[in-house]
Amino acid sequence: MNWSGLDEAALAGVAQALGRVMGSSGIVYLEGDLGAGKSTFVRALLGARGVGERIKSPTYSLIETYPVAGNSAHHLDLYRIANADELEWLGLPDLLDESTLLLVEWPERAAGALPPPDLRVLLQHAGSRRDLALESCTATAGKWLSDLEMNTPGLPSRSC
Ligand SMILES: Nc1ncnc2c1ncn2[C@@H]1O[C@H](COP(=O)(O)OP(=O)(O)OP(=O)(O)O)[C@@H](O)[C@H]1O
Ligand SMILES: [Mg+2]
């Protein structure tokens with residue numbers, strides 16, 4: 001699913017809608033340059049899943065964890081890691097065992113150390129706006145996107 005030239009409110013609207021339809025576990029990669037809107041997308045998505053507290057950017061902490069409906073959501077920002085070894089202390093296998101939601105900014109910094117995504121969120125600067133693509137890689141995320149398409153009145157109009 002693709003959108004062109006979204007302003008910040010429209011981008012947040014798509015993220016909120018996705019947050020409402022997606023299941024409670026899965027792996028989401030957020031890809032795009034500095035300032036492309038990855039954290040903005042995560043904030044809106046987690047807000048829609050009921051996270052009331054302020055959602056900080058985990059640029060320095062690498063990971064922030066939030067309780068979501070009896071489960072947890074982990075927001076990772078791997079921008080500052082030099083190589084995948086630095087991920088060891090995160091205890092990634094344990095995080096994954098929890099069958100939780102993992103939202104990862106800069107996944108390419110840990111190439112090979114992360115499990116493959118269910119969903120890729122691809123963001124690009126388009127002047128002061130942003131282009132967005134949601135790409136499902138698994139049947140799990142395919143279901144999220146079909147629910148998004150079918151059950152979300154008022155979603156910004158798509159470019160394809
Ligand atoms: N259409 C838009 N969508 C998202 N953010 C926008 C948009 N227009 C302007 N912005 C601004 O762009 C910035 C996006 O920052 P954000 O932290 O979400 O990016 P990021 O991709 O997480 O960057 P980083 O790689 O540094 O983590 C914010 O200051 C936001 O207000
Ligand atoms: Mg960010």
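Trainee: Where is Trp106 found?
Mentor: In the loop between E5 and E6. Keep in mind that this is a predicted model.

Trainee: What about the phi of Trp106, positive or negative?
Mentor: Positive, about 55°, although Trp106 is not a glycine. Most residues other than glycine have a negative phi.

Trainee: Is Trp106 buried, exposed or partly exposed, and why?
Mentor: Partly exposed, because Trp106 has 19 C-beta neighbours inside 10 Å. A residue counts as buried from 20 or more.

Trainee: Which residue in the loop between H2 and E3 should I look at?
Mentor: Look at Leu62. Leu62 is not a glycine, yet has a positive phi of about 70°. Leu62 is partly exposed, with 17 other C-beta atoms within 10 Å.

Trainee: OK, the sheet. What is the strand order?
Mentor: E1-E7-E6-E2-E5-E4-E3. It is an open sheet of seven strands with mixed pairing.

Trainee: Which strands stand at the edges?
Mentor: E1 (2-6) and E3 (63-68). Each has a single partner strand, so one side of each is left without a neighbour in the sheet.

Trainee: How are neighbouring strands turned against each other?
Mentor: By 15° on average, with direction ignored.

Trainee: And what packs on the sheet?
Mentor: H4 does, touching E2, E6 and E7. The direction of H4 makes about 130° with that of E7.

Trainee: Back to the E1 edge. Do E1 and E7 pair in the parallel or antiparallel sense?
Mentor: Antiparallel, over three bridges. There, Leu6 stands opposite Arg130 in E7.

Trainee: How many bridges join E6 to E7?
Mentor: Eight, and the two strands run antiparallel. Leu119 stands opposite Ser136 in E7. E6 and E7 also form a hairpin with two residues between the strands. Gly127 in that hairpin takes a positive phi near 65°.

Trainee: Now the other edge. How do E3 and E4 pair?
Mentor: In the antiparallel sense, over six bridges. Val68 has Asn71 in E4 as its bridge partner. This is a hairpin too, with two residues between E3 and E4. Ala69 in the turn has a positive phi of about 45°.

Trainee: And E4 with E5, parallel or antiparallel?
Mentor: Parallel, joined by five bridges. His74 stands opposite Leu102 in E5, and His75 stands opposite Leu103.

Trainee: Why is E4 largely enclosed by the rest of the structure?
Mentor: Because five of its seven residues are buried.

Trainee: Leu103 came up just now. What is Leu103 in contact with?
Mentor: Leaving aside neighbours within four places in sequence, Leu103 contacts Val28, Leu30, Val42, Ala73, His75 and Leu76. So you see His75 twice: as a contact of Leu103 and opposite Leu103 across the strands.

Trainee: Which residues touch the most other members of the largest nonpolar core?
Mentor: Val28, Leu30, Phe41, Leu103, Val104 and Val121. That core has 32 residues. Among the elements that give two or more residues to this core are H1, E2 (26-31), H2 and H4 (139-151). The strands E4, E5, E6 and E7 do so as well.

Trainee: Which residues of H2 are buried?
Mentor: Lys38, Phe41, Val42, Arg43, Ala44, Leu45 and Leu46. What covers them includes H1, E2, E3, E4, E5 and E6. Following H2 comes Gly50, with a positive phi near 100°.

Trainee: Switching to ligand 1. Which residues come nearest?
Mentor: Glu8, Gly37, Lys38, Ser39 and Thr40, out of 18 residues around ligand 1. H1 (8-21), H2 (38-48) and E7 (129-136) are the elements that give two or more residues to the shell.

Trainee: Which element gives the most?
Mentor: H2, with three residues.

Trainee: How does that shell divide into nonpolar, polar and charged?
Mentor: Five nonpolar, six polar and seven charged.

Trainee: Last one. Where does Gly23 lie?
Mentor: In the loop between H1 and E2. Gly23 counts as partly exposed, with 14 C-beta neighbours inside 10 Å.

Trainee: How far apart are Gly23 and Arg130?
Mentor: They are 107 residues apart in sequence. In space, they are 26 Å apart, C-alpha to C-alpha.

Technical notes:
Residues numbered from 1 in each chain as written. Chains lettered and ligands numbered in written order. Predicted model: local features only at pLDDT ≥ 70, side-chain atom pairs only at ≥ 80, totals over all residues. Near = placed C-beta within 6 Å. Helix = DSSP H or I, 4+ residues; strand = E, 2+ residues; numbered from the N terminus. Nonpolar A, V, L, I, M, F, W, Y, C, P; charged D, E, K, R; others polar. Core = buried A, V, L, I, M, F, W, Y, C linked by C-beta atoms within 7 Å. Buried ≥ 20, exposed ≤ 12 C-beta atoms within 10 Å, placed from the backbone. Contact = placed C-beta atoms within 7 Å. Pairing = 2+ DSSP bridges. Axes fitted to C-alpha atoms, helices over the stretch in contact; angles between N-to-C directions.
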